[in-house]
Amino acid sequence: MNWRRWNTALHRDIGFLCIGLTLLYAISGVAVNHIAQWNPSYRAERTTTNIGPVSGNPAEPETIRIILARLGEQGKLESSYRPDPVSLQLFVEGRSILVDLTSGQVEYDRAIPRAGLREMNFLHLNHPKKAWTWVADLYAVALAFLAVSGLFMIRRSTLRRGLLLSSAGILLPLVFLWLYL
């Protein structure tokens, strides 16, 4: 088999292998690009309630137990602090609870994972490290191979357009680097 057939076969097969990772990185990439507008891994949920005024010393564990009991909170208290003299901030297993001690007004803040997207972002941002780093590196090499092998598949009739579009793809990041740096 000549080199053109090998190139086409490898380009096709490696391209098929890359489909899943390309979709993962594309979806997650768009989400992560807009991190200033929204959290792509979690959505925030805020609820309010009132438990009535709280008496006692908020630094005392007994006062905190009373507050959690009034809320019907079963989670484990992770930490607490006083952001100001009339408030108590509690952190309970993935939730933040802000209590106004004088009025009893309570704000619950909870981060809810975005199903699927959180996991894609986890991989895209290489949080697992270890073996996933090798998968991501192999994927990058495979994409580089697809880019270069694709250039050798250009027909004479599309050579000019192919070279023009390839040049534009190379120049685009260079223009943005020039603008931003």
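A residue counts as partly exposed when its relative accessible area falls between the limit for buried, under 20%, and the limit for exposed, over 50%. With a relative accessibility of 27%, L98 therefore counts as partly exposed in this predicted model. L98 belongs to strand β4, which covers residues 95-100. A useful first look at how the chain folds back on itself comes from L98 and S87: the two are eleven residues apart in sequence, and their C-alpha atoms are 6.9 Å apart in space.

Stepping back to the overall layout, the protein is divided into two domains. Domain 1 is made of two stretches of the chain, 3-39 and 115-176, whereas domain 2 is the single stretch 42-113. Between the C-alpha centres of domain 1 and domain 2 there is a distance of 46 Å. The pair P58 and A168 gives another sense of the distances in this model: 110 residues separate P58 from A168 in sequence, and 63 Å separates their C-alpha atoms in space. P58 sits in the loop between β1 and α2, the latter being residues 61-71. Is P58 buried or exposed? Its relative accessible area is 9%, so P58 is buried.

Charged side chains come next. Side chains of opposite charge can pair when their charged atoms come close. Across the whole structure, a search finds seven salt bridges. One of these is formed by the side chains of R46 and E107, with an N to O distance of 3.9 Å. Strand β1 (residues 42-50) holds R46 and strand β5 (residues 105-113) holds E107, so this pair ties together parts of the chain that are 61 residues apart in sequence. R46 also meets the side chain of D109 in a salt bridge, here with an N to O distance of 2.6 Å. This pair, too, links distant parts of the chain, since D109 lies in strand β5 and R46 in strand β1, 63 residues apart.

How open to the surroundings are these charged residues? R46 has a relative accessibility of 53% and therefore counts as exposed. Its partner E107 has a relative accessible area of 27%, which means that E107 is partly exposed. D109, at 26% relative accessibility, is likewise partly exposed.

Another salt bridge joins R118 to E119, and the closest N and O atoms of that pair are 3.8 Å apart. Returning to the earlier pairs, R46, E107 and D109 are joined into one network by salt bridges that share partners. As for R118 and E119, R118 is partly exposed at 32% relative accessibility, and E119 is partly exposed at 40%.

The backbone has some points of interest as well. Which residue of the loop between β3 and β4 can be singled out here? E93 is found in that loop, β3 being residues 87-92. Although E93 is not a glycine, its phi is positive, at about 35 degrees. E93 has a relative accessibility of 44%, so it counts as partly exposed. K129 is also a residue other than glycine with a positive phi, in this case near 55 degrees. The loop that holds K129 runs between α3 (117-124) and α4 (130-151). With 48% relative accessibility, K129 counts as partly exposed.

Two features of the surface complete the picture. The largest pocket has a volume of about 280 Å³. Its lining is made by W3, R4, N7, T8, L151, F152, M153, I154, R155, R156 and L159. Which helix gives the largest share of that lining? Helix α1 (residues 3-33) does, with four residues.

The other surface feature is a nonpolar patch of about 1300 Å². The residues that make this patch are I170, L171, L172, L174, V175, F176, L177, W178, L179, Y180 and L181. Among them, L181 is found in the segment after α5, a helix of residues 159-180. L181 has a relative accessible area of 82%, and because exposed means over 50%, L181 is exposed.

Note on methods:
Residues numbered from 1 in each chain as written. Predicted model: local features only at pLDDT ≥ 70, side-chain atom pairs only at ≥ 80, totals over all residues. Heavy atoms only, no water. Patch = residues over 30% accessible without salt bridge, like charges linked within 9 Å, V, L, I, M, F, W, Y side chains within 5 Å. Areas by Shrake-Rupley, 256 points an atom, 1.4 Å probe, with all protein chains shown as cover. Salt bridge = Lys/Arg side-chain N within 4 Å of Asp/Glu carboxyl O. Helix = DSSP H or I, 4+ residues; strand = E, 2+ residues; numbered from the N terminus. Buried < 20%, exposed > 50% of the residue type's maximum accessible area, 1.4 Å probe, protein only. Domains from an automatic or database assignment. 1 Å grid on protein atoms, 1.4 Å probe; cavity = no way out; pocket = protein on both sides within 12 Å on 5 of 7 lines; lining within 4 Å. Points joined across faces, edges and corners; volume = space filled by probe spheres on them.
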